[in-house]
Amino acid sequence: MVKMSALYQGEKHCEITHGPSGAHIATDAPKDNNGKGELFSPTDLVGAATGSCMLTVMAIAAEKDGVQLKGSRVTVEKEMTINPRRISKLTVVLHLPQNVPHDYRKKIEGIALTCPVKLSLHPDIQMPIVFHYDI
């Protein structure tokens with residue numbers, strides 16, 4: 001179990017603290033929902049968590065198998081619906097090293113598709129995922 005806490009600081013800003021490490025993340029409401037959009041919104045963090053989770057679980061497996069993924073990156077584009085206001089789509093694009101063996105690619109792609117964050121999200125969220133081996 002990991003405990004996190006958030007402190008509302010006013011003006012739609014929150015400071016989130018990770019209990020075990022004491023690390024902080026700040027959030028703001030997005031411009032299209034009465035905020036200034038100065039920081040990650042809570043739903044932005046869902047997108048960021050999805051992408052970083054995919055990279056992390058792929059790296060864990062690749063490290064065990066002696067495959068190097070250093071320098072890999074991900075972009076996530078989040079789209080919202082209005083009624084009800086929620087995430088409707090997360091478009092994920094992963095850029096991975098060209099030297100990842102072709103016969104290994106399906107394995108790490110499958111691992112990305114079953115990352116804990118992705119599996120925790122509502123199935124109505126559209127999530128196109130593209131893998132590029134171009135770095």
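Let me begin with Cys14, which counts as partly exposed at 22% relative accessibility. This is a predicted model, and that applies to everything I shall present.

Staying with the cysteines, the structure holds zero disulfides. Cys53 is a case in point: the nearest cysteine sulfur belongs to Cys115 and lies 3.3 Å away. Because a disulfide requires two cysteine sulfur atoms within 2.5 Å, Cys53 is in no disulfide. As for its surroundings, Cys53 is buried, with a relative accessible area of 11%.

I turn now to His13. This residue sits in strand E2, which covers residues 13–18. Is His13 buried or exposed? With a relative accessible area of 18%, His13 is buried. Which side chains make polar contacts with the side chain of His13? One is that of Glu38, at 3.0 Å; another is that of Asp28, at 3.4 Å. Both residues also appear in the list of contacts that His13 makes beyond its neighbours within four places in sequence, which comprises Leu7, Tyr8, Thr27, Asp28, Glu38 and Leu39.

My final residue is Ala6, located in strand E1, residues 4–10. Ala6 counts as exposed, at 58% relative accessibility. Once residues up to four places away in sequence are set aside, Ala6 touches Glu15 and Ile16. One further distance concerns Ala6 and His18: they are 12 residues apart in sequence, and their C-alpha atoms are 9.0 Å apart in space.

To recapitulate, His13 is buried, whereas Ala6 is exposed; and Cys53, although buried, is in no disulfide.

How values were computed:
Residues numbered from 1 in each chain as written. Predicted model: local features only at pLDDT ≥ 70, side-chain atom pairs only at ≥ 80, totals over all residues. Heavy atoms only, no water. Buried < 20%, exposed > 50% of the residue type's maximum accessible area, 1.4 Å probe, protein only. Helix = DSSP H or I, 4+ residues; strand = E, 2+ residues; numbered from the N terminus. Polar contact = N/O pair within 3.5 Å; in protein donor to acceptor, adjacent residues only side chain to side chain. Contact = heavy atoms within 4.5 Å.
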